[in-house]
Structures are given as structure tokens and as C-alpha cells.
There are 2 protein chains.
Amino acid sequence: VIGLDDRGLTLGDGLFETLLVLDGALQAAPEHLARMAQGCDVIGLPRPDPDQALRLMQAAITTAGLQTGRAAVRLTLTAGAGGRGLERPPTPAPRLFATAAPSPLPQGPARLAVSAVRRNAGSPASRLKTLSYLDNVLARRQARAAGADEALMLNGAGEVACASAANLFWLQDGRLHTPALECGVLAGVMRAKVMIAAARCGLAVIEAHAGPEALAAAEGLFLTNSLIGVRPVANLDGRPLPATDLVESLRGEVG
Amino acid sequence: VIGLDDRGLTLGDGLFETLLVLDGALQAAPEHLARMAQGCDVIGLPRPDPDQALRLMQAAITTAGLQTGRAAVRLTLTAGAGGRGLERPPTPAPRLFATAAPSPLPQGPARLAVSAVRRNAGSPASRLKTLSYLDNVLARRQARAAGADEALMLNGAGEVACASAANLFWLQDGRLHTPALECGVLAGVMRAKVMIAAARCGLAVIEAHAGPEALAAAEGLFLTNSLIGVRPVANLDGRPLPATDLVESLRGEVG
């Protein structure tokens, strides 16, 4: 439980990470902890102690009885108790906690729907996993109402950014494309792994500024995040998209 | 205290209102409760019971011993317990709570600094008081670091939107201007009162799409919110702005 004056609760002032757990083992923990530390630098909070974070996450797995199979751990850092108003206390005392839950792989390819909710490329928060995630909640909600699984989010300039909880890749002219971080995109841990794996396969990767018309011409589209790994997209706003066996190759590469 | 799985805490999924309290009496409570109800419709949460909201706010004032003088009550609505992921449970059970604190009037006119953090006019959340308020926190932080009191936020298109915790007005050519809601602006309770008061004084009010150059040419600039009422702005990015006695007239009108 957490106090009613916690700034994570009152203002969305904080960060989180979501890690895959396989048979009790945290996956890519150093990458996730490094990203949270960098996020703290951006929003001006002290970095959490990585050893404490690891202990909390391991304890959450044990408490939830998730030492076997697939699970997800969420590590949450709030700016701590806040008093009234937007300004943090002179010496913030952040709170760190972890929760764990089962995380089955989603079944089959994703159906995407373009959301009217835009990514705010003009805020550093658009490149971080913050506790101010309502835009993502609203985008996902729209996608579900449209009969899709996931939202495709554009930024204010109309450029393709990401899904509500995943990064986006597409194949075109034999090259892999993913929106540039400046489009308002999280530097996904799995995004980075896929970019490295693609380069290892001899596939050029372009960090792109592109409109949604680029996706209509794509030879294959897929989503990535730490929990789903690489997930193909079957259609966009109801229009079928071509499948590519690249997804299977990359899945093998990113492990 | 609130559970670690509350979606207000984990995802900023919820809304809040901040009300002025004078000698124990809630100011403009119907307007604030109506705005929260409309916000619930936009983000898809059930509306709170207004009687329960009033009871919670009165209890918060009493508990904090704030029956005399100036105080602020904050009413917070979260989407309730959430489980994992962006999607709400089929039947959300929102949580409603209120806190109260003293709220002295800020001393003197405000000094504004333009923030690099942009308002996301492309999200409905930019027109609501949501628990996803990190952009506002970051904008205020930048303003304070620049030696100012408050941030001037532009939207992604470079239009003037608002301060980090106030609406903005400026006087030009004998007419009052305030950014249009579509610029990514909260429909402030005090903003509405000022617009009505200005009309009563025979002053035309324009809901504007304007760049920051419009402010440089203004004959007076002020901020409004429920706690500060009407507060003049003395300078913008260190450049002095002309004072106007309109501020005093409007203060009298909005009571």
C-alpha cells in the first residue's frame, strides 16, 4: 500500500519497467535497470539502487509463486510523498516496489487500429516508461473498441510512432524500418535487441520518420516488447498485411 | 493508503479536481464536480456520486482543521484496482478520495518562462485534469530552474496553450485573448468565470490560436486558476510585460 500523498499516485510522477521472467529468472535485468536510471536523470529523480531493485523483483516473483513458467515483473519508482502542488520536496524520497503476475504469450498475430490519441513527441516523457500512461490506456481502449488488439499511435506531426505497449517495425525494399526515438518512441529493450539481431542477419535498419502510408506499402509489420518478444501484425484497420518469415528468424535471434 | 495495483498509481489512470476553500466553504463545487463527471465520460470511467464527493471533501477539511482561512481541497478519482496491463477490468471500481491543505495566495506577480515541454493537443487528456500530469511537473521544474515561478507551455504546433497549473489570458487591442481548448488546454473553472466577467465588462474575449509572438505584443498578461484566482504576469523569459488594471477589475468581478 502507498500513501495518498504519493506523487506517483497524484501526478504520475515516476517511472516503471516491465521485465520478462522465465522459470524465475529475470530477463535483460541490466538493460531495464539502466533504462530506469537514465529515465531518472531525465525527469530529475535520484537513481534507484540496482541491488535493491533486483531484491524487490526476486521477492515479488517468490511471493507470487512464479518460479516456473512465464511471468512479468513490474518495477515501479515513484517520486515519493509530495505535499500539495506540482513541485517536488527539496529532497525527494522516491519509493521503489515490484509486483509479479503470470504473463502468457498472446495468441496469434496482432490486429492494429490507428488511434486518434497522439504521442507527444514534444515531451521527454514520450521516450520514457512513466507513471503518466493515460494516453496509452486511452489509445488501447480505442483499439479494443474498434475490434483490434493494439493501437497504432502517430505523433502530433502525423508520423508513425509505436503501439500503446510495444515498438513497431516494418520491412520495406529489403530493409527494416522502425520509428526514430524523436518521433516520441520508447527506447525499447526488445527494440534494441531486434535492431542488433537484424544487423547480424545482414539486414539494414532505418530509424525512420514516416507517415502511415509507409505501413500500407510494407512487406511485413511486427511489434516488439520484452513480454511478447516479436509479434507479427496481421492487419491494420482491417486491411490484411503480408506475412514475412523474418519474424521467425528474428525470434530465433533475440532468444 | 491505496493498493499497489491501483491504476491511478501504476498508469496515471484517473482524474482530479482542486477546489478553493474559504473559511470551510467549498468554492464552485458544482462546476468542479461537473467537470470531473465530463472527464469521466471522455476517459470511459463511471461518474462519481456527487454527494459522496462533497462528503469526502468536507471530511478532509475537518480532519485537516482547515475550517478557517484559505485552503485547497483535492478530489482524486482513480480507475481502481487493475491487475496487469493497459486494459481496465470489465467492470472498473473507481476509488474516490479527498485531501486538504492550507493554500496561501502566491506573493506578487508571476514570472513566466517558456518550457521545452509541449502540451499534447492530440490527446483528450490535454483538456482534462488527469493523474498523468508528469509533463506539467517537468515544465514547472524547467521554469523553476530558469528562475521563474511558472512555465508557459506551447503545444506541438508551437501555439500558446497554458501554464503548468493555470490558464493564460492576454490583453491586446482592447480585447481579451485566451488559447482555444483545442490548443491542448484545460477548460478551467476560473477561465470560464473570467470569460463571463470580461463579457460583463463589455470586453470581447477571443479563444485564440496564437504563437508566443502574440504575448510579446500583449498589453498585459495574467494567469488564472481556482486557487490563485487572477494573477498578473510581470515578465516572460526575463522580459518585462506591461501591467494592466484589468487584473484588479476582473478580480473584483470573479469574487
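Me: How do you know that strand E1 (residues 14-22) of chain A and strand E3 (residues 70-78) of chain A pair?
Reply: Two strands count as paired when at least two bridges are found between them. In this predicted model, E1 and E3 of chain A are joined over nine bridges, in the antiparallel sense, so the requirement of at least two is met. One place to look is A:Leu20, which stands opposite A:Ala72 in E3(A).

Me: Which helix packs on the sheet there, and which strands does this helix touch?
Reply: That is helix H2 (residues 29-43) of chain A, in touch with E1, E2, E3 and E4 of chain A. The direction of H2 makes about 175° with that of E1(A). Helix H3 (residues 50-63) of chain A also lies across E1, E2, E3 and E4 of chain A, and runs at about 35° to E4(A).

Me: Why do strand E2 and strand E4 of chain A stand at the edges?
Reply: Follow the order first: the open sheet of four strands in chain A reads E2-E1-E3-E4, with antiparallel pairing. Strand E2 (25-26) and strand E4 (95-102) each have a single partner strand, so one side of each has no neighbour in the sheet.

Me: How do you know that E1 and E2 of chain B pair?
Reply: Strand E1 (residues 14-22) of chain B and E2(B) share two bridges in the antiparallel sense. Since the cut-off is at least two bridges, they count as a pair. Within this pair, B:Val21 stands opposite B:Leu26 in E2(B).

Me: What makes H5 of chain A roughly perpendicular to H7 of chain A?
Reply: Helix H5 (residues 189-200) and helix H7 (residues 246-254) of chain A have axes that come within 9 Å and cross at roughly 105°. Angles from 65 to 115 degrees count as roughly perpendicular, so H5(A) and H7(A) earn that description.

Me: Which residues make the contact, and how many are nonpolar, polar or charged?
Reply: From H5(A) come A:Met190, A:Lys193, A:Val194, A:Ala197, A:Ala198 and A:Arg200, while H7(A) brings A:Leu250, A:Glu253 and A:Val254. Sorted by class, six are nonpolar, none is polar and three are charged. Lys, Arg and Glu belong to the charged class, so A:Lys193, A:Arg200 and A:Glu253 are the charged residues here.

Me: Why are the two copies said to be related as by a two-fold rotation axis?
Reply: Chain B is superposed on chain A by a rotation of 180° with 0.0 Å of shift along its axis, at an RMSD of 0.0 Å. The two copies are thus related as by a two-fold rotation axis. The same surface serves both, with 100% of the contact residues of chain B recurring in chain A.

Me: What is notable about phi of A:Ala28?
Reply: Phi of A:Ala28 is near 55°, a positive value in a residue other than glycine. You will find A:Ala28 in the loop between E2 and H2 of chain A. In chain B, phi of B:Asp173 is likewise positive, near 55°, and B:Asp173 lies in the loop between strand E8 (167-172) and strand E9 (175-179).

Me: What is the mean pLDDT of chain A, and what does the model score?
Reply: Chain A has a mean pLDDT of 96, and 100% of its residues reach 70 or more. The model scores ipTM 0.97 and pTM 0.97.

Methods. Residues are numbered from 1 along each chain as its sequence is written. Chains are lettered from A and ligands numbered from 1 in the order in which they are written. This is a predicted model: local features need pLDDT of at least 70, side-chain atom pairs count only at pLDDT 80 or more; totals for chains, interfaces and linings use all residues. Side-chain values use heavy atoms; hydrogens and water are left out. Contact means heavy atoms within 4.5 Å. Axes are lines fitted to C-alpha atoms, for helices over the stretch in contact, and angles run from 0 to 180 degrees between N-to-C directions. Copies are superposed by least squares on the C-alpha atoms of residues with pLDDT of at least 70 in both. Angles under 35 degrees count as roughly parallel, over 145 as roughly antiparallel, 65 to 115 as roughly perpendicular and the rest as oblique. pLDDT is the predictor's confidence in each residue, from 0 to 100.
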